[in-house]
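Work through the two exercises below with the coordinates open, and try each task before reading its solution.

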Amino acid sequence: MDNKVSLWQIFTVFMKIGAFTIGGGYVIVPAISSEMSRRKWLKDEELPDIIAIAQSAPGLLAVNMSIFAGYRLRGVKGSIVSTLGCVVPSLLIILAIAMLFSNFQDSRVVNAMFMGIRPVVVSLIAVPVVKMARSSCKAWWAWAIAFASMAGVAFLNLSPVYMLLCLMVIAVAIAVYREKKEVKR
């Protein structure tokens with residue numbers, strides 16, 4: 001934990017992230033990566049671990065990532081402050097939209113604006129995926145697993161949970177096999 005980072009710094013950074021990550025979910029990944037790397041609060045190789053832990057916990061990815069990143073910086077207080085920073089802007093924006101949107105829900109301008117945001121959200125999700133693949137897939141078989149998993153989820157509608165469980169079983173079996181092989185030597 002880096003106690004040199006103030007709780008106020010954590011709050012303002014995560015409030016900025018929360019305010020400008022339209023779309024939620026994976027859109028927060030490049031924002032957290034960029035903000036924390038720029039401040040040297042996070043190493044690039046730590047991001048896949050944060051994402052994996054955040055995905056495996058119940059709840060929203062953005063909130064889970066905030067909790068884990070804040071905890072890494074300042075423990076429990078950091079996780080509370082980062083979560084509040086991430087959630088407060090969304091809460092305020094949703095309240096404002098709920099109060100005002102009923103007047104504009106049939107507006108062509110508003111609908112066109114939301115349609116224009118969609119391709120940007122796709123690119124914001126794609127960039128960290130490519131970066132993670134580059135840093136995580138060092139061997140040909142890792143790339144094969146990544147593409148097979150992506151194809152299974154995207155085109156065959158396989159459950160990511162079952163795919164992860166299956167790959168964990170395979171990984172454990174390979175590790176046990178390699179360990180037995182080394183013991184025989």
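**Exercise 1.** Determine which residues are linked with Lys16 in a network of salt bridges, and characterise each link.

*Solution.* Step 1: the model is a predicted one, in which local features need pLDDT of at least 70 and side-chain atom pairs count only at pLDDT 80 or more, while totals for chains, interfaces and linings use all residues. Residues are numbered from 1 along each chain as its sequence is written, and side-chain values use heavy atoms, with hydrogens and water left out.

Step 2: apply the salt-bridge criterion, a side-chain nitrogen of Lys or Arg within 4 Å of a carboxyl oxygen of Asp or Glu. Lys16 and Glu35 satisfy it at 2.8 Å, N to O, and this pair joins helix 1 (residues 7-20) to helix 2 (residues 28-38), 19 residues apart, where helices are DSSP runs of H or I with at least four residues, numbered from the N terminus.

Step 3: Glu35 also pairs with Arg38 at 2.9 Å and with Arg39 at 2.3 Å, so that Lys16, Glu35, Arg38 and Arg39 form one network.

Step 4: assign accessibility (buried under 20% relative accessible area, exposed over 50%, partly exposed in between, with a 1.4 Å probe and protein chains only). Glu35 is buried at 9%, Arg38 is exposed at 52%, and both Lys16, at 37%, and Arg39, at 30%, are partly exposed.

**Exercise 2.** Establish whether Ser79 is buried or exposed, and list its contacts beyond four places in sequence.

*Solution.* Step 1: Ser79 lies in helix 4 (residues 61-104), and counts as buried because its relative accessibility is 10%.

Step 2: with contact taken as heavy atoms within 4.5 Å, Ser79 touches Ile67, Gly70 and Tyr71 once neighbours within four places are set aside.

Definitions and conventions: Helices (H or I, at least four residues) and strands (E, at least two) are DSSP runs, numbered from the N terminus.
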